[in-house]
Amino acid sequence: MAYNDQNIFARILRDELPAIKVYEDDQVLAFMDIMPQADGHTLVIPKVPAETLLDLPPEAAAYTIQIVQKVAKAIETGLDVKGIVLMQLSGSSAGQTVPHVHFHLIPSSIHELGRHAAQMGDQEKIKALAEKIKAAL
Ligand code: 5GP
């Protein structure tokens with residue numbers, strides 16, 4: 001399916017919509033999930049326009065996973081957590097709701113994961129968590 005450049009994450013990448021960002025370079029952006037499944041739930045997205053992991057050029061996938069690892073380390077250190085669930089939903093059948101490929105980093109256990117994209121988080125609390133992650137990057 002053709003990439004829809006009006007999706008929420010494409011608009012965040014163009015700074016048309018706000019986001020609580022923790023990391024950005026010329027290829028990747030990491031920002032806090034607005035409806036976190038656990039405290040510190042962070043999203044990492046490549047800047048190339050790709051809808052799912054299957055559409056992502058291998059070079060972009062390889063670079064993005066390096067940043068996923070970097071941000072995961074900062075979450076672990078900055079928020080003093082031990083386990084992080086890495087989740088990637090490709091396709092609406094898998095539950096993907098935003099059609100721009102993204103990696104979820106969720107400081108939680110698979111057995112305690114909150115519901116997906118279910119409830120708006122407290123944005124002030126999320127900002128404070130983001131500051132701790134940024135400080136550890
Ligand atoms: P998906 O279902 O596509 O794997 O995940 C999309 C994620 O994006 C969900 O976890 C949801 O909470 C999050 N999300 C949806 N809209 C926004 C938004 O406007 N800003 C941010 N920061 N996250 C969003």
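Is Q96 buried or exposed, and what is its relative accessible area? In this predicted model, Q96 is buried, with a relative accessible area of 9%, and the cut-off for calling a residue buried is under 20%. The points below begin with the surroundings of Q96, then turn to the ligand, the hairpin and two helices.

**Q96 and its surroundings**

- Q96 belongs to the loop that lies between strand 4 (85-87) and strand 5 (103-106).
- Once neighbours within four places in sequence are left aside, the residues in contact with Q96 are E51, T52, L89, S90, G91, V101 and H102.
- Two of these residues also offer backbone atoms to the side chain of Q96: a polar atom of that side chain lies 2.9 Å from the backbone oxygen of E51, and a polar atom of the side chain lies 2.6 Å from the backbone nitrogen of G91.

**The ligand**

- There are 18 residues around the ligand, of which D33, T97, H102, H104 and H116 come nearest; H102 is also among the residues in contact with Q96.
- H104 places a polar side-chain atom 2.8 Å from an oxygen atom of the ligand, while for H116 a polar side-chain atom lies 2.5 Å from an oxygen atom of the ligand.
- M32 approaches through its backbone, with an N or O atom 2.9 Å from a nitrogen atom of the ligand.

**The hairpin of strand 1 and strand 2**

- Strand 1 and strand 2 run antiparallel and are joined by three bridges, and together they form a hairpin with three residues between them.
- Within this pairing, Y23 has A30 in strand 2 as its bridge partner.
- Both strands take part in packing against helices, since strand 1 (21-24) and strand 2 (28-32) are among the elements against which the buried residues of helix 3 pack, and strand 1 and strand 2 are also included in what covers the buried residues of helix 2.

**Helix 2**

- The 21 residues of helix 2 should span 30 Å at 1.5 Å a residue, and this agrees with the model because the end C-alpha atoms of the helix are 30 Å apart.
- The buried residues of helix 2 are A60, T64, I67, V68, V71, A72, A74 and I75; seen down the helix axis, they fall within an arc of 160°, so they line one face of the helix.
- The cover over these buried residues includes strand 1, strand 2, strand 3, strand 4, strand 5 and helix 3, whereas P58, E59, K73 and T77 are exposed on the other side of helix 2.
- Just after helix 2, the residue D80 adopts a positive phi of about 55°.

**Helix 3**

- Helix 3 (residues 123-136) has 14 residues, which at 1.5 Å a residue should span 20 Å, and the end C-alpha atoms are 20 Å apart, in agreement with that expectation.
- I126, L129, A130 and I133 are buried in helix 3; these residues cover an arc of only 105° around the axis, which puts them on the same side of the helix.
- The buried residues of helix 3 pack against strand 1, strand 2, strand 3 (42-46) and helix 2 (58-78), while the face turned away from the buried side carries the exposed residues E124 and A135.
- At the start of helix 3, D122 has a side-chain oxygen that reaches to within 3.0 Å of the backbone nitrogen of E124.

Note on methods: Residues are numbered from 1 along each chain as its sequence is written. This is a predicted model: local features need pLDDT of at least 70, side-chain atom pairs count only at pLDDT 80 or more; totals for chains, interfaces and linings use all residues. Side-chain values use heavy atoms; hydrogens and water are left out. Helices (H or I, at least four residues) and strands (E, at least two) are DSSP runs, numbered from the N terminus. The expected span of a helix is 1.5 Å times one less than its number of residues. Buried means under 20% relative accessible area, exposed over 50%, partly exposed in between (1.4 Å probe, protein chains only). The arc is that of the directions from the helix axis to the C-beta atoms. Contact means heavy atoms within 4.5 Å. A polar contact is a pair of N or O atoms within 3.5 Å; within protein, one must be able to donate a hydrogen and the other to accept it, and residues adjacent in sequence count only if both atoms are side-chain atoms. Two strands pair if DSSP finds at least two bridges between them. A residue is near a molecule or strand if one of its heavy atoms lies within 4 Å of it.
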